[in-house]
Amino acid sequence: MQEQPEPALTPGLTAQVELTVTDADTAQAVGSGDVPVLGTPRVVALAEAATVAATATGMPPGSTTVGTRVELEHLAPTVVGRTVRAQALLAAVDGRRLSFEVTVSDGDQTVARGRVERILVDRGRFVERAGRAS
């Protein structure tokens, strides 16, 4: 009897990514406000980048993940020049659904926290179906 390989995407996977905030990352620049601080859309993108990084090494061949849900509290402003770090933890795997806990921090201060869900898909089929939809 041959043993089945362990699933590559298992709870506990983590990753972190960093961003040094520039003028292009501000709420003014991305159109989400009129203040020169890190814009919420960039915080969301950074959190999603951390989730992608957490699954990068365990991805089955020909697969990718796509975001399906984001719940994020943006708790504190970050000024241009500061470096923020997004950390993602793969908290649960339910079939193809991956649930992450994410935090974004500036040193010891929590800038944002929340959850991100992604779905494991066949990359080729997904791109093909997306092309037909347009």
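This is a chat between a biologist and a modeller about the predicted model shown above.

Biologist: What kind of model is this, predicted or not?

Modeller: The model is predicted.

Biologist: OK. How many helices and strands are in the protein?

Modeller: The protein has 3 helices and 5 strands.

Biologist: Which way do the elements run from the N terminus on?

Modeller: The order is β-α-α-β-β-β-β-α. The chain begins its pattern with a strand and ends it with a helix.

Biologist: What does the C-alpha trace span along its principal axes?

Modeller: The span is about 60 × 40 × 20 Å.

Biologist: And how much of the protein counts as buried?

Modeller: There are 134 residues, and 31% of them count as buried. As for the accessible surface of the protein, the total is about 8,100 Å². Carbon and sulfur atoms hold 50% of that surface.

Biologist: What share of the contacts is between residues 24 or more positions apart?

Modeller: Such pairs make up 64% of the contacts with a separation of 6 or more.

Biologist: Changing topic. Where does UniProt place the "binding site" feature?

Modeller: An unreviewed UniProt entry puts "binding site" at Gly67 and Arg118.

Biologist: Why do they gather at one spot?

Modeller: They span 52 residues in sequence, but no two of their C-alpha atoms are more than 4.3 Å apart, so they gather at one spot.

Biologist: Take Gly67 by itself. Where does Gly67 lie?

Modeller: Gly67 belongs to strand 2, which covers residues 63–74.

Biologist: Why does Gly67 count as partly exposed?

Modeller: Because its relative accessibility is 41%, and partly exposed covers values between 20% and 50%.

Biologist: What does Gly67 touch?

Modeller: Setting aside residues up to four places away in sequence, Gly67 touches Glu48, Glu117 and Arg118. The two residues named in the UniProt feature thus appear together in that contact list.

Biologist: Now Arg118. Which strand is that in?

Modeller: Arg118 lies in strand 5.

Biologist: Is Arg118 buried or exposed?

Modeller: Arg118 is buried, because its relative accessible area is 7% and the cut-off for buried is under 20%.

Biologist: What does Arg118 touch?

Modeller: Beyond residues up to four places away in sequence, its contacts include Glu48, Thr51 and Val52. Thr65, Val66, Gly67 and Thr68 are among them too. Arg118 also touches Arg96, Arg97, Leu98 and Phe100.

Biologist: On to pockets. How much space lies in the largest pocket?

Modeller: About 170 Å³.

Biologist: Which residues line the largest pocket?

Modeller: The lining consists of Val66, Arg96, Val121, Asp122, Arg125, Phe126, Arg129 and Ala130. Strand 5 (109–122) and helix 3 (123–133) are the elements that each give two or more residues to that lining.

Biologist: Which element gives the largest share?

Modeller: Helix 3, with 4 residues.

Biologist: How do the lining residues divide into nonpolar, polar and charged?

Modeller: The lining has 4 nonpolar residues, no polar ones and 4 charged ones. Two of the lining residues, Val66 and Arg96, are also among the contacts of Arg118.

Biologist: Back to strand 2. What about Thr64, buried or exposed?

Modeller: Thr64 is found in strand 2. Thr64 is buried, because its relative accessible area of 19% is under 20%.

Biologist: What is Thr64 in contact with?

Modeller: Not counting neighbours within four places in sequence, Thr64 contacts Met59, Ile119, Leu120, Val121 and Arg123. Val121 is also in the lining of the largest pocket.

Biologist: What about Leu13? Where does Leu13 lie?

Modeller: Leu13 lies in the segment before strand 1 (14–20). Leu13 is partly exposed, at 23% relative accessible area.

Biologist: How far is Leu13 from Ala88?

Modeller: They are 75 residues apart in sequence and 8.2 Å apart in space, C-alpha to C-alpha. Ala88 is one of the contacts of Leu13, along with Ala8, Ala54, Leu89 and Leu90, with neighbours within four places in sequence left aside.

Biologist: Last one. Where does Ala76 lie?

Modeller: Ala76 sits in the loop between strand 2 and strand 3 (83–94). Its relative accessibility is 7%, so Ala76 counts as buried.

Biologist: What does Ala76 touch?

Modeller: Ala76 touches Gln109, Thr110 and Val111, with residues up to four places away in sequence not counted.

Technical notes. Residues numbered from 1 in each chain as written. Predicted model: local features only at pLDDT ≥ 70, side-chain atom pairs only at ≥ 80, totals over all residues. Heavy atoms only, no water. 1 Å grid on protein atoms, 1.4 Å probe; cavity = no way out; pocket = protein on both sides within 12 Å on 5 of 7 lines; lining within 4 Å. Points joined across faces, edges and corners; volume = space filled by probe spheres on them. Nonpolar A, V, L, I, M, F, W, Y, C, P; charged D, E, K, R; others polar. Buried < 20%, exposed > 50% of the residue type's maximum accessible area, 1.4 Å probe, protein only. Contact = heavy atoms within 4.5 Å. Areas by Shrake-Rupley, 256 points an atom, 1.4 Å probe, with all protein chains shown as cover. UniProt positions renumbered as here; feature names shortened; annotations may be inferred.
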